[in-house]
Amino acid sequence: MLSLARIAAVSRKEILHLRRDRLTGGMIAGIPIIMTLLFGYAINQDVRHLPAGYVDLANTTASRALITDAHATQVIDIITDAASSSELEAMLRRGEISVGILIPPDFERRRIRNGQPVAQLLVDGSDPIILSTAKGLVQLPVEGRASRPPGQPSDTFSFRPYYNPERRSVVFIVPGLTGVILTLTMVLFTAIAIVREREHGNLELLITTPVLSIELMIGKILPYIVIGYIQVSLILLLGVYLFNVPINGSLIDFYVAVGFFVTSTLTLGLVISTLASSQFQAFQMTFISFLPQLLLSGYMFPFEGMPRAAQWLAEIFPLTHFLRIVRGILLRGAELAEMWAELWPLLVFFLVMMSLSVLRFRKRLD
């Protein structure tokens, strides 16, 4: 017969267990707080302040006014200028800017005749949201331009999207999946690795061996580096042959960058494995570390739409930098050396996390 007393006893036991398991108890309040803050404060689809550069080959009062007016819209922030259109395109390729304004030498003639766009807008089309946002500048008014006769074009800028002229979302999504999937699987695999050995009693064998902590950590991550390369290759094959994702850069450069990312991500898993006391806790901590990376890295939501504090936090995560590398090499055709600004943070993250994992690891059973 159903007993309320027995049900109450089991419930009390579960409550006592939750009180002892501080990680699970913290997640009860932590996950709703984190999710609410991320979606309410950091996630913003209204993208503004896109980094932009310009080339003013006319260098007239009206052309300079056009640059100022474009900056004043707050859709873009003019952060640099270039000497030529090729230099402006190189900035786009390296990911230094998302929008480029090219004002031709015959700007004044175009402005007076009023029968054609007076300048060109170059946009990194690998991100459809950036593409859509930048398109709002096309009809920016030009100072001193005569009224337009009926039937003539009203656009100030001719619009030129780079790297994704067909504007397919899959071109943006699939390459980024290499980083998202590796972040989840690599951290989870290594987070569970040492915890599993502790639970199964395998660490007893290590106590009687001369294996150093650093040797154990490196030995643990090496097999998963190979697994990471296998996963990346599978994603690329599916992306190219099923979704026609273009590969515009060097695959050798890309795979070298994957090595930087995989090793840095694996060390995060090692740190988690030294903190967790069970495989379930390792899984919980992996999920907690994965959630902010997914939301703040720029994969799901535009990085430029986030407040400055959220962007600073996102710069800590390996996924943020790897997504820029992936899109830079695969979609924009950038060389590995041009992505050094995104590679060195991965190296620093690896050194910090590896040092922490070695310092925290103790070759003991408790």
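**Exercise 1. Find the ring that Lys-135 lies over, and the ring under Arg-324.**

Step 1. Apply the rule: NZ of Lys or CZ of Arg within 6 Å of the ring centre and within 35 degrees of the ring normal.
Step 2. Lys-135 lies over the face of Phe-159, at 5.8 Å from the ring centre.
Step 3. For Arg-324, the charged end sits over the ring of Phe-303, 4.8 Å from its centre.

This is a predicted model: local features need pLDDT (the predictor's confidence in each residue, from 0 to 100) of at least 70, side-chain atom pairs count only at pLDDT 80 or more, and totals for chains, interfaces and linings use all residues. Residues are numbered from 1 along each chain as its sequence is written, and side-chain values use heavy atoms, without hydrogens and water.

**Exercise 2. Classify the ring pair Phe-254 and Tyr-255.**

Step 1. Rings of Phe, Tyr and Trp (its six-membered ring) pair if their centres lie within 6.5 Å; planes under 30 degrees apart are stacked, over 60 edge-to-face, the rest tilted.
Step 2. This rule gives 6 aromatic pairs.
Step 3. Here the centres are 5.7 Å apart and the planes at 65°, so Phe-254 and Tyr-255 are edge-to-face.
Step 4. Place the pair: Tyr-229, Phe-254, Tyr-255, Phe-261 and Phe-322 form one aromatic cluster.

**Exercise 3. Decide whether Phe-254 and Tyr-255 are buried or exposed.**

Step 1. Use relative accessible area: buried is under 20%, exposed over 50%, partly exposed in between (1.4 Å probe, protein chains only).
Step 2. Phe-254 has 0%, so Phe-254 is buried.
Step 3. Tyr-255 has 23%, so Tyr-255 is partly exposed.
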